[in-house]
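User: Please take a close look at the cysteines in this model, and then at the exposed aromatic side chains. I would like the cut-offs stated with each term.

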Amino acid sequence: MTLDFSVVLTQWPLLLNGLLLTVCLTLLSAVFGTALGIACGLVRSKGPGWARWTVGLYVELIRNTPFIIQLFFIFFGLPALGLKMTALTAAILANVINLAAYVSEIARSGIEATPDGQIEAAQSLALDRWQIFSRVILPPALKRVWPALVGQMVIIMLGSAVCSQISTEELTYAANQIASNSFRNFETYIVVAGLYLLLAIALRRLLNWVGPRFIFGR
């Protein structure tokens, strides 16, 4: 078999568009999914009983069902209830809901590891609940679990390939288009695998650089 990567590389505009959409999908999912996950983690750790039960049910439901089923339910199922959305919107929503369930458990472990003495000291300084959470609980909690959060965000980026199944025009969708037009499946998916590898390395390094400097401090 003769390998010919030129056929794939000439389709660089399609690959570039897919790459950029994958990056946008990942960033939006990471921001909103992490925020929702931290909120859910706080509820599971400090919330009232009924709220803990509700969030716990959501977490177990998402973590114990396939992501592709969640994606299909949002894109194909919700329109039956009158909730129609574009493929990109459905992909973002599915990724946010999925990521938040995993971040919830990661964040909860960090929050519950905060010593009670630190919280009591903050209360003695007359800090309100929001100040205690945002200044005393959250920064060290994020620092403890940051490697796990980074890993989960990389997994979400790689898992976004599934969104090609609803015609979200991300990187895997572009690869499928190129492969079906050129019949160069081996070369196409080798190139795309390399792009995903570079994206994963870049995302991990970016998050490991951003975290200590802008999110939880050194």
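Analyst: The cysteines are treated below, followed by the aromatic residues.

This is a predicted model, in which local features need pLDDT of at least 70 and side-chain atom pairs count only at pLDDT 80 or more, while totals for chains, interfaces and linings use all residues. Residues are numbered from 1 along each chain as its sequence is written, and side-chain values use heavy atoms, with hydrogens and water left out.

With a disulfide defined as a pair of cysteine sulfur atoms within 2.5 Å, the count is zero. Cys24 is in no disulfide, its nearest cysteine sulfur being that of Cys163, 13 Å away. Seen from Cys163, the closest cysteine sulfur is that of Cys24, and 13 Å is too far for a bond. Cys163 is buried, with a relative accessible area of 0%, whereas Cys24 is partly exposed at 42% (buried means under 20% relative accessible area, exposed over 50%, partly exposed in between; 1.4 Å probe, protein chains only).

Turning to the aromatic residues, Phe214 lies in helix H9, residues 185-215 (helices are DSSP runs of H or I with at least four residues, numbered from the N terminus). Phe214 is exposed, with a relative accessible area of 60%. Phe183 is also exposed, at 68%, and sits in the loop between helix H8 (171-182) and H9. The C-alpha atom of Phe183 is 10.0 Å from that of Val8, although the two residues are 175 residues apart along the chain.

Technical notes:
Helix = DSSP H or I, 4+ residues; strand = E, 2+ residues; numbered from the N terminus.
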